Amino acid sequence: MRLNRALLVLAPFSLLIIFKSWLPGWAVTPPKSCLGGCADINGMIPFVDWVNAAIKFLRKYEFFDAFTFRDITRSISGMIDSLLHFTEGLLHEGFADFNIGAIPWIALVGAAAIYGWYLRGWKLALLGSSCFLYLALFSKRGIWELSMQTLSAIAVSAPIAGLIGVLVGILAAKRKTAERIIWPILNVLQSLPHFSYLIIVAIFFGVGSKAGVIATIIFAFPPMARLTLVGLQNIRSEVIEAGIMSGCSRMQMLFKVELPSARNELMLGVNQIIMQCLAMVVIASFIGQSGLGHDLLTRLQRLAIGQALEVGIAVVFIAIALDRFSQAIANKQPTHLPEGPFWKRRPHLTTFIGFVATILVLSPIVPFIAKFPEHLTISTSVFWDGIVDYITLHFYGPLANFRDALLVYFLIPFRSAITGIPLIAIIDLGACLGWKMGGWRLALTVSLFVFFIAASGYWVRAMITLYMVLVSLMICAVFGIPIGIWASRREWSTRLMQNICDTFQTFPSFIYLLPVVMLFQISDVSAIFAIIIYASIPIVRYTIFGLRNVPQEIIEAAVTSGCTQNQVLWKVRLPVAFPEIILGLNQTLMFGLFMVMIAGFIGTVDLSQEIFRALTFNDGGKGLVIGLCVSFIGLTADRLLVAWSDRQKQEYGLG
Amino acid sequence: MSNNTKIACKEIWKLYGSNPRGFFEKNQRNPSDEAIKSEQYIPAVRNATFDVYEGEILVIMGLSGSGKSTLVRCLSRLVEPTWGKVEFDGIDLLQAPEKTLIEIRRHKMGMVFQNFALLPHRTVLQNIAFPLEVQGIDRTTRESKAREIIDIVGLQGRDNYYPRELSGGQQQRVGIGRSLAVEPDIWFLDEPFSALDPLIRKEMQNEFIRLQSILGKTIVFITHDFDEAIKLADRIAIMYEGIIVQLGTAEELISNPATQYVAEFTRDIPRAKLLSVRSIMEPLSGTVSEHLCVFSDDSIEKIAQAVLAQESDIQVMDQHSQVVGMLRRQRLLETIFENSSEE
């Protein structure tokens, strides 16, 4: 029965591949001219031109004959600009007009320590303060200033993105029609590569830090909107009823009952927003966002690996600290205060006030409070450069051989196989799988996605992107699943692996390019390695989660039936965890896709190269259409894999 | 218990499905089981007509899915009935505009929920003061009122605790306190003790009886536990598949079950405790004992030992000491051991 089903899907697919030479040309690769027969257009349907025409129209359009679209964008960027001025003034520039300096470094170190102590204890205090200490200590090359620029961009973009996200989420939760429109848009937005945002924003808002902040806001709000919606929908109906029975009006209901009850989801959203903002602020350096990302970018371009690493470590440090702090805020549950005088009820606040007072008193007397003494700052880039040189010197041969072997015997054959699959076979496969997994609707959705890519004119490049993602997915699965299985066996290894995953996941994706460029220079192999490191995280995580969440009773039943450890694993735990593992693969694929697009920076010939070209030439249509191609590759895989996982879960009665 | 009607329900229907109102009208406002089933509607409440009297405890009882929760939500219009009429103090609730409804809920209704439904971000004090807060009552007034209630429900010293820091029983005390904050005329309790463990449940039931003896509210109480119903109720309504199959005192249900279902339900209940002599007495005939007589209002449990010690049947008198019948020893024995003999 099962075999028959698989045959039904695979048979036409393989037939189409085998009889490829008999197929008409348009069925193998989509034609390059448009349907109407017009010239000099890349795709069958000129999506790119349509988008560009729309952009042109928008830029010129006058609302009510009073103001143009450009006026709107100008006023927005003006607002963002003044906000940025304020946060940068606070963090590193000071306010010359008022003769007020920036917040001294030691105040940030101390504040982070006290806040961390309040939230979770001395470990978090140590993490927070050592992060700022690192930034101050290694500021020989200006890392402190750069970090403060990055932080101030986050300080502006995160709250705005959060606010937009919450508003959109509330709208979707309150109006069914709004939800139907907003949900798919969020899906597309969340799978659009970073660079599509950058290109569109650069067209309307120009370049520089304010444009970077705007791109970051647009990039970071969707998860918050989604979590707000989920949070509002998950409130127990009893709580809502209690609100109604207490006689709440609509507004009282929203602000006093619903939003506070959705606190957990909202706080998770805050964490995601902050991490998304950091990732995007780093990448926004491509459109001139100043800060750590910009420094990283220029040093990478000059292949100054040692210096880039030093900056990279600062980014990583900030990422971990931001993540742990926002998680600690999310997990902090309210507790009743002890009785007594103010300092006893609020010891942390008292300490903080005392600390600030001390600094204010001491800062005119002790100079190093305001500025970290320059002669104490250090730089480790020489050390890192040494390591890079050592690696190049001693390992260049073996690494190059490894790289070439991988290319010749594995990657290139695989790539020709994938790119050789006829268009019609792929549409057929997608439609059949969609139909099998989720009925005709899914089949139609998937076919439309594939058709868009075929019609857009970027088919061949899309196939190369697909090849890179699939290769990485395979390698991730081969390594990630066994690692997950190993880790899930014992309590300590589970915790260790989860910690590693949590930590690695917080790094902005851009950071992953550093070590691979260091080892493999610039090639397909480096790109694939970067993808693998980045995209292995979810598969490991989901495998552990799936295996760990097999109900204890089932395992006990298997053991009492006389299963050996291995039998328990193969016959019980893996099959039951299978739906979760599929979800892990899905996430791995999405991560991979994101990374592929960033890896274009170190030279690949797929869609990402095109998108970099679009960025250079400020070609909004191209940027958006390629972004949508990437997004649709991701959504196709996502739809199919999630449907598969759901079906498995249903078959097992797991919900 | 007076006989003033507090809530009058007439022909309440609640159907779930694609177009309940249209379906209902199409079937002459009395759809049959077959019609409901064939068009895939789910009947939560069917044709419920009953009154709630001022000062009584009416227990609505049924298994899960019998529609009891939906019915009580129709009374406060948390759920919009498909059809019917609910009169609260003479006001037609189903026609009342949103504003009137909010006013009624703010001042006249209180509700306690099965899983407490406390607001996790508010302290005990703030949770209890919540209904007063949404009315716009100033902070000092509402908090002093809430403190009074904290004393009544026995949570002294826990004012500033968060729900998370309390046990289940304590949380439900907060829920009860919140529902009492506005001094409601009618008090809905939706399985308030079902989520608690047996010992705590018993304690809370006693607490509830104590509270009611102080407050004397009109109460609609929902439960799936017949023992609880017997312990608390003035009258019990038994629901089955959305229909109120019988409404009466515990004694009426036991001595005179309307359907097989009610009989099944009441079978394992210790009769001796609930039935009075009246329900098993017979007209006077033959010889009776001269040493003992019992009152018709006495419970069987109370008189059993004395009666069984006698050799012959016993006279029964009403409260005016008029002889109204006799109690046969054999019948008494049968009643006491009825449960075990059937098994």
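Two strands are taken here as paired if DSSP finds at least two bridges between them. I keep that cut-off at the head of this notebook because the first thing I looked up, the pairing of strand β3 (residues 57-61) of chain B with β8(B), runs in the parallel sense over 5 bridges and therefore passes the cut-off of at least two bridges. I also note at the outset that I am reading a predicted model.

**Entry 1: confidence and overall figures**

I checked the confidence before anything else, and found that chain B averages a pLDDT of 87, with 98% of the residues scoring at least 70. For the complex, the predictor gives an ipTM of 0.81 and a pTM of 0.82. I remind myself that where pLDDT is low, the predicted coordinates should not be read in detail.

I then took down the overall figures for chain B, which has 15 helices and 13 strands and whose C-alpha atoms fill a box of roughly 75 × 60 × 35 Å along the principal axes. Of the 343 residues in chain B, 39% are buried. Looking at contacts in chain B between residues at least 6 apart in sequence, I noted that 67% of them join residues at least 24 apart.

**Entry 2: strand β8 of chain B and its neighbours**

I returned to β8(B), which spans residues 218-223 and is mostly covered, with 6 of its 6 residues buried. Going through the two faces in turn, I found B:Thr218, B:Val220 and B:Ile222 buried on one side, and B:Ile219, B:Phe221 and B:Thr223 buried on the other.

On the β3(B) partner, I looked up a single pair of residues and found that B:Ile57 stands opposite B:Ile219 in β8(B). Strand β7 (residues 186-190) of chain B also pairs with β8(B), in the parallel sense and over 5 bridges, and here I picked out B:Asp190, which stands opposite B:Ile222. Tracing the chain from β7(B) through helix α8 (residues 198-215) to β8(B), I recorded a right-handed β-α-β unit.

**Entry 3: an antiparallel sheet in chain B**

I next followed an open sheet of 4 strands in chain B, where the order is β2-β1-β4-β5 and the pairing is antiparallel. The edge strands are β2 (42-53) and β5 (91-92), each of which pairs on one side only. At the β5(B) end, strand β4 (residues 83-88) pairs with β5(B) in the antiparallel sense over 2 bridges, and I noted B:Ile91 in β5(B) as the bridge partner of B:Phe88.

**Entry 4: two residues with positive phi**

As a backdrop for this entry, most residues other than glycine have a negative phi. I looked at B:Arg77, where phi is near 60°, a positive value in a residue other than glycine, and placed B:Arg77 in the loop between α3 (68-75) and β4 of chain B. B:Arg77 counts as partly exposed because 19 C-beta neighbours lie inside 10 Å, whereas a buried residue needs 20 or more.

I then turned to B:Phe116, whose phi is near 70° and is likewise a positive value in a residue other than glycine. B:Phe116 is found in the loop between β6 (109-112) and α5 (124-134) of chain B, and B:Phe116 counts as buried because 25 C-beta neighbours lie inside 10 Å.

**Entry 5: the two domains of chain B**

I looked up how chain B is divided, and found domain 1 (5-108 + 184-266) and domain 2 (271-342). The centres of domain 1 and domain 2 of chain B, taken over C-alpha atoms, are separated by 35 Å. Between these domains, 5 residues of domain 1 are in contact with 5 residues of domain 2.

On the domain 1 side of that contact, helix α10 (residues 250-255) of chain B gives the most, with 4 residues. Sorted by class, this side of domain 1 has 3 nonpolar, 1 polar and 1 charged residues.

**Entry 6: where chain A touches chain B**

Last, I examined the contact between the chains, which takes 22 residues from chain A and 23 residues from chain B. On the chain A side, the elements that give two or more residues are α11 (237-245) and α12 (250-261) of chain A, and α11(A) gives the most, with 6 residues. I closed the entry with the classes on the side of chain A that touches chain B, where the residues divide into 9 nonpolar, 8 polar and 5 charged.

Terms used: Residues are numbered from 1 along each chain as its sequence is written. Chains are lettered from A and ligands numbered from 1 in the order in which they are written. This is a predicted model: local features need pLDDT of at least 70, side-chain atom pairs count only at pLDDT 80 or more; totals for chains, interfaces and linings use all residues. Domain bounds come from an automatic or database domain assignment. Two residues are in contact if their C-beta atoms, placed from the backbone, lie within 7 Å. Ala, Val, Leu, Ile, Met, Phe, Trp, Tyr, Cys and Pro count as nonpolar, Asp, Glu, Lys and Arg as charged, and the others, Gly among them, as polar. A residue is buried if 20 or more other C-beta atoms lie within 10 Å of its own, exposed if 12 or fewer, and partly exposed in between; C-beta atoms are placed from the backbone. A crossover is right-handed if, with the strands pointing away from the viewer, the path from the first strand over the helix to the second runs clockwise. pLDDT is the predictor's confidence in each residue, from 0 to 100.
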